[in-house]
Amino acid sequence: MDGGATRRLLGPRGALSELILLGLLLAHALMAYTVASAAAGAELTPRVVVSGSMEPAFKRGDLLLFRKMSDDGRSDPIRAGDIVLYEPAYGDIPVVHRVIKVHERREEGGGADILTKGDANGADDSAAFMYGYEPCLQRHHVMGKAVGYLPNAGWFSIAMHEKGPVVRTVVVGVLSLGLLVNALY
């Protein structure tokens, strides 16, 4: 032997076993994440970027992690440059955009007016009536603030929503077939 690493080719059964193992590892990683975030008291919400409005910073298919906002607003202030998740006035899909301006109000119990914009968009979200007829978002509209992201990790979710039953059938079929082949051999 030359002391280097040896390569072996996997047959169909070996490749299927590796695929099943990868699926199990991903499931365990998701469970570990859930347990760790619950134990730490962190409330993280994953969301997939479904459009190109945040390019080049985030591309379609990227998975972003958002920390839920505190009720008081003092422990986690929103600042210009933050990436936030908010519920638009029209539609049911939350929007991921960058905060471009925050105006702190001193009267009427405080609060803040928040203006957002997609990085690739030509105009801010108030021009697109994303807030309804309000000129700015209020803090209670913001669902979370981005704390991290995984590039391209959300494509499976996009495929599940866009191709729905076909993708689910293929995934369940491949996993079932893999378990059957593994059990027979």
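The exercises below, each with a worked solution, concern a predicted model of a protein chain.

**Exercise 1. Describe the secondary structure of the protein chain and the order of strands in its sheet.**

Step 1. Start with the elements. The protein chain holds two helices and seven strands.

Step 2. Put them in sequence order. The pattern reads α-β-β-β-β-β-β-β-α.

Step 3. Turn to the sheet. Seven strands form an open sheet in the order β1-β2-β7-β3-β4-β5-β6, and the pairing is antiparallel.

Step 4. Look at the two ends of that order. β1 and β6 are the edge strands with a single partner strand each, so one side of each has no neighbour in the sheet.

Step 5. Add the figures for the whole chain. Of its 185 residues, 28% count as buried. Among contacts with a separation of 6 or more, 55% are between residues 24 or more positions apart.

**Exercise 2. Work out how β3, β4, β5 and β6 are joined, and name bridge partners.**

Step 1. Take β3 and β4. They run antiparallel and are joined by four bridges. Ile 83 has Arg 98 of β4 as its bridge partner.

Step 2. Move on to β4 and β5. Six bridges connect this pair, again in the antiparallel sense. Here Asp 113 in β5 stands opposite His 103.

Step 3. Finish with β5 and β6. Strand β6 covers residues 137-138 and runs antiparallel to β5, with two bridges between them. The partner of Asp 113 in β6 is Gln 138.

Step 4. Combine the steps for Asp 113. This residue faces His 103 and is also bridged to Gln 138 in β6.

Step 5. Recall the general rule behind such pairs. Strands of a sheet pair through backbone hydrogen bonds, in a parallel or an antiparallel way.

**Exercise 3. Identify the largest nonpolar core and the elements that supply it.**

Step 1. List the members. The twelve residues are Met 69, Ile 78, Val 84, Tyr 86, Val 95, Val 99, Ala 112, Ile 114, Leu 115, Tyr 131, Leu 137 and Val 142.

Step 2. Assign them to elements. Two or more residues of this core come from each of β3 (83-86), β4 (95-104) and β5 (112-117). β5 gives the largest share, with three residues.

Step 3. Check how β5 is placed. Five of its six residues are buried, so β5 is largely enclosed by the rest of the structure.

Step 4. Examine one member. Leaving aside residues up to four places away in sequence, Ile 78 touches Met 69, Val 84, Val 99, Val 102, Ile 114, Arg 139 and Val 142.

Step 5. Separate the other core. Another core, of eight residues, lies apart from the largest one and includes Val 49, Phe 58, Leu 64 and Leu 85.

**Exercise 4. Characterise the second largest pocket by volume and lining.**

Step 1. Give the volume. The second largest pocket holds about 460 Å³ of space.

Step 2. Locate its centre. Of the 17 lining residues, those nearest the centre are Val 48, Val 49, Val 50, Ile 93 and Pro 94.

Step 3. Find the contributing elements. β1 (44-48), β4 and α2 (155-184) supply at least two lining residues each. The greatest contribution is four residues, from α2.

Step 4. Sort the lining by class. There are nine nonpolar, five polar and three charged residues.

**Exercise 5. Compare the surroundings of Tyr 149 and Ala 153.**

Step 1. Place each residue. Tyr 149 is in strand β7, whereas Ala 153 is in the loop between β7 and α2.

Step 2. Classify their exposure. The partly exposed class runs between 20% and 50% relative accessible area. Tyr 149, at 40%, is therefore partly exposed. Ala 153, at 42%, is partly exposed as well.

Step 3. Find the contacts, not counting residues up to four places away in sequence. Tyr 149 touches Phe 58, Asp 62, Leu 63 and Leu 64. Ala 153 touches Gly 61 and Leu 63.

Step 4. Set sequence separation against distance. Tyr 149 and Leu 64 are 85 residues apart along the chain, with their C-alpha atoms separated by 4.2 Å. For Ala 153 and Arg 60 the separation is 93 residues, and the C-alpha distance is 10.0 Å.

**Exercise 6. Locate the cis peptide bond and the positive phi value at Asn 152.**

Step 1. The bond from Glu 55 to Pro 56 is cis, with omega near 10 degrees. Pro 56 belongs to the loop between β1 and β2 (63-68).

Step 2. Asn 152, a residue other than glycine, has a positive phi near 60 degrees. Asn 152 sits in the loop between β7 (142-150) and α2.

Methods. Residues are numbered from 1 along each chain as its sequence is written. This is a predicted model: local features need pLDDT of at least 70, side-chain atom pairs count only at pLDDT 80 or more; totals for chains, interfaces and linings use all residues. Side-chain values use heavy atoms; hydrogens and water are left out. A nonpolar core is a set of buried Ala, Val, Leu, Ile, Met, Phe, Trp, Tyr and Cys residues joined through side-chain atoms within 4.5 Å. Buried means under 20% relative accessible area, exposed over 50%, partly exposed in between (1.4 Å probe, protein chains only). Contact means heavy atoms within 4.5 Å. Two strands pair if DSSP finds at least two bridges between them. On a 1 Å grid over the protein atoms alone, a cavity is a set of points where a 1.4 Å probe fits but cannot get out, and a pocket is an open set with protein on both sides within 12 Å along at least five of seven lines; lining residues have an atom within 4 Å of a point. Grid points are joined across faces, edges and corners, and a volume is the space filled by probe spheres set on the points. Ala, Val, Leu, Ile, Met, Phe, Trp, Tyr, Cys and Pro count as nonpolar, Asp, Glu, Lys and Arg as charged, and the others, Gly among them, as polar.
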